[in-house]
Amino acid sequence: MQDKIKKIRIQSASEINLAENSKQLENFRIKYLGRRGEVTLLLKDLAKLSPKQRPQIGKLINDLKKEIDSSIKTRNEEIKLKSAEDGEGDWIDLTMPGVKLPEGHLHPTTAAIQEITEIFSKIGYTRERYPEVETDWYAFEGLNMPKDHPARDEWETFFFSPKIVLTPHTSSGQLREMEKGKLPIRMINISKCYRRQSDVSHTPMFYQFEGLHIDKNISIANLKGTIDYFIKEFFSGKREFRLRPFHFRFTEPSFEIDITCDICQGKGVLENGQKCRLCKEGWLELGGAGMVHPNVLKAGKIDPKKYSGFAFGWGVERVLMMKPGMNIDDIRMIYKNDLRFLEQF
Ligand code: FA5
C-alpha cells in the first residue's frame, strides 16, 4: 500500500506540473480525486487493512489527497497568470445582452402622496411639510385646546416631555403656515403623524394630508366644492361621500367626511353575508374638516373679521385603501414590509 501511495505521489506531481490548461487539470483531478479516482479507491481499500495499520496508512492517503488538491490549485493559478500575461484571458462577448436587475417601485403610500399633491396643485395648493416632533402649542393649545381639555384625549399622543410631542395630526402645521404672514393661504401639508393606536383601520404611524385655505369670503360652499373635486379625481368618480356633523375645537362648524367603503361596496355586508370588518356599516371615515375657528385665526395673527377659511385633515392610508380595486381590508398590511403584498401595486 505504501509503495502504491509513493507511486501515485510521483506520477500525479509530474502530470500536474506538465498540465497546460484548466481542462487538463480538471481531468487529473477526476483521475486522482474523483469518485472512482486512484486516491479515492485507496481510501476504500483501507477497510482491508488490519486495525493496527489503518490509522498510519489512512494518514498517508489523506496527506496525499491534500497534496494533489493543493498542487492542482497552484498550477491552475500559474496557468491563469500565464494566459493573462500572454493576453489570452477568458473571451468576453461584448454584444451579449446584460443581466436585467430587478426593478423596484414606489411604496403605495408614496405613490398616493404624489397623486394627492398633484390633484391639489391643479387647484393652486402648495405642498408644505412641518415638524414631526412638535410643541404642545402648535399641536394643541394654539388650536383652541387648552391644557387639560378633554378633547385632547382623542389624539392618544406620544409625549417626549410635557411640552414636546410626536405630532398626532397635521393640523399642527396650520398655525405655522399662518405665522408666515402671507395671505391668501392655500397649502396642503402632508406629513407623518403618530398615535397610540393599532387595529384594522389604525396604525401607530400614519400620514395625514391637511388642506388649509384662508382668504376673504371663504364659505362652507368652497369647502364642499373642494372635497367633491378631490373625491371625484382620486376615486375616479366611483365613490360617494357624506359630511357628518362633528366637533373639533379648531373648526366651527366641523364635519367628518365618510365615503362608501370599497371592501363591501357601501353595503356594510360582504358577499358571504358577513359584516364588513373594516367599515362595519358601508361608510368609512376619511377625516375631519370645518371652517377655521376665529380663535385659531387670532392665534395665527389673522383678523377673523377680515378673513375666513376652511381646513381638512384626512388619512393618506385610508384614502389609499378606498381606491377602487385596492381591496385592502386591514391598514396594518401597508406597513408590514411584506414584499408579496407590496409587489402587487
Ligand atoms: C384630526 O386629526 C383632525 N386634525 C382633522 C381635521 C383637520 C379636522 C382640519 C378639522 C380640520 P381625526 O383624529 O379624526 O382628526 O383624524 C383624521 C383622519 O386621520 C382619520 O379620519 C383617519 O383617516 C386618519 N387617522 C387618524 N388616526 C389614524 C391612525 N392611527 N391610523 C391611520 N389613520 C389615522
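Helices (H or I, at least four residues) and strands (E, at least two) are DSSP runs here, and their numbers start from the N terminus. Keep those labels handy for the tour. What you have open is a predicted model.

**Stop 1: the whole chain**

Start zoomed out and colour the protein chain by domain. Select 2–85 for domain 1 and 108–342 for domain 2, as the domain assignment has them. Now put a marker at the centre of each domain, using the C-alpha atoms: the two centres are 75 Å apart.

**Stop 2: the ligand**

Next, select the ligand and zoom in. You're looking into the largest pocket, which is where the ligand sits. Want to know which elements give two or more residues to the shell around the ligand? Select strands E6 (205–215), E8 (251–260), E9 (283–292) and E10 (308–315). Give E9 a colour of its own, since with five residues this strand supplies the largest share of the shell.

Now show the shell as sticks. There are 27 residues around the ligand, and Ser171, Arg195, Gln197, Glu285 and Leu286 are the closest. Colour the shell by residue class and you should get nine nonpolar, 13 polar and five charged residues.

**Stop 3: polar contacts**

Time to draw some distances. Which ligand atom does the side chain of glutamine 197 reach with a polar atom? Pick a nitrogen of the ligand: the gap is 2.7 Å. Move to arginine 195, where a side-chain N or O atom lies 2.8 Å from a ligand oxygen. Then try tryptophan 155, whose side chain places a polar atom 3.3 Å from an oxygen of the ligand. Switch on the surface before you leave: the ligand on its own would expose 680 Å², and the protein buries 96% of that.

**Stop 4: backbone oddities**

Hide the side chains and look at the backbone. Where is proline 184 found? Go to the loop between helix H7 (172–179) and strand E5 (185–194). Leucine 183 and proline 184 are joined there by a cis peptide bond, with omega at about -5°.

Another cis bond links glutamate 252 to proline 253, again with omega about -5°. Proline 253 is in strand E8, one of the strands you coloured around the ligand.

Finish at glutamate 156, in the loop that runs between helix H6 (136–139) and strand E3 (159–161). Check its phi: the value is positive, near 30°, in a residue other than glycine.

Technical notes. Residues numbered from 1 in each chain as written. Predicted model: local features only at pLDDT ≥ 70, side-chain atom pairs only at ≥ 80, totals over all residues. Heavy atoms only, no water. Domains from an automatic or database assignment. Near = heavy atom within 4 Å. Polar contact = N/O pair within 3.5 Å; in protein donor to acceptor, adjacent residues only side chain to side chain. Areas by Shrake-Rupley, 256 points an atom, 1.4 Å probe, with all protein chains shown as cover. 1 Å grid on protein atoms, 1.4 Å probe; cavity = no way out; pocket = protein on both sides within 12 Å on 5 of 7 lines; lining within 4 Å. Sits in = over half its atoms within 2 Å of the grid points. Nonpolar A, V, L, I, M, F, W, Y, C, P; charged D, E, K, R; others polar.
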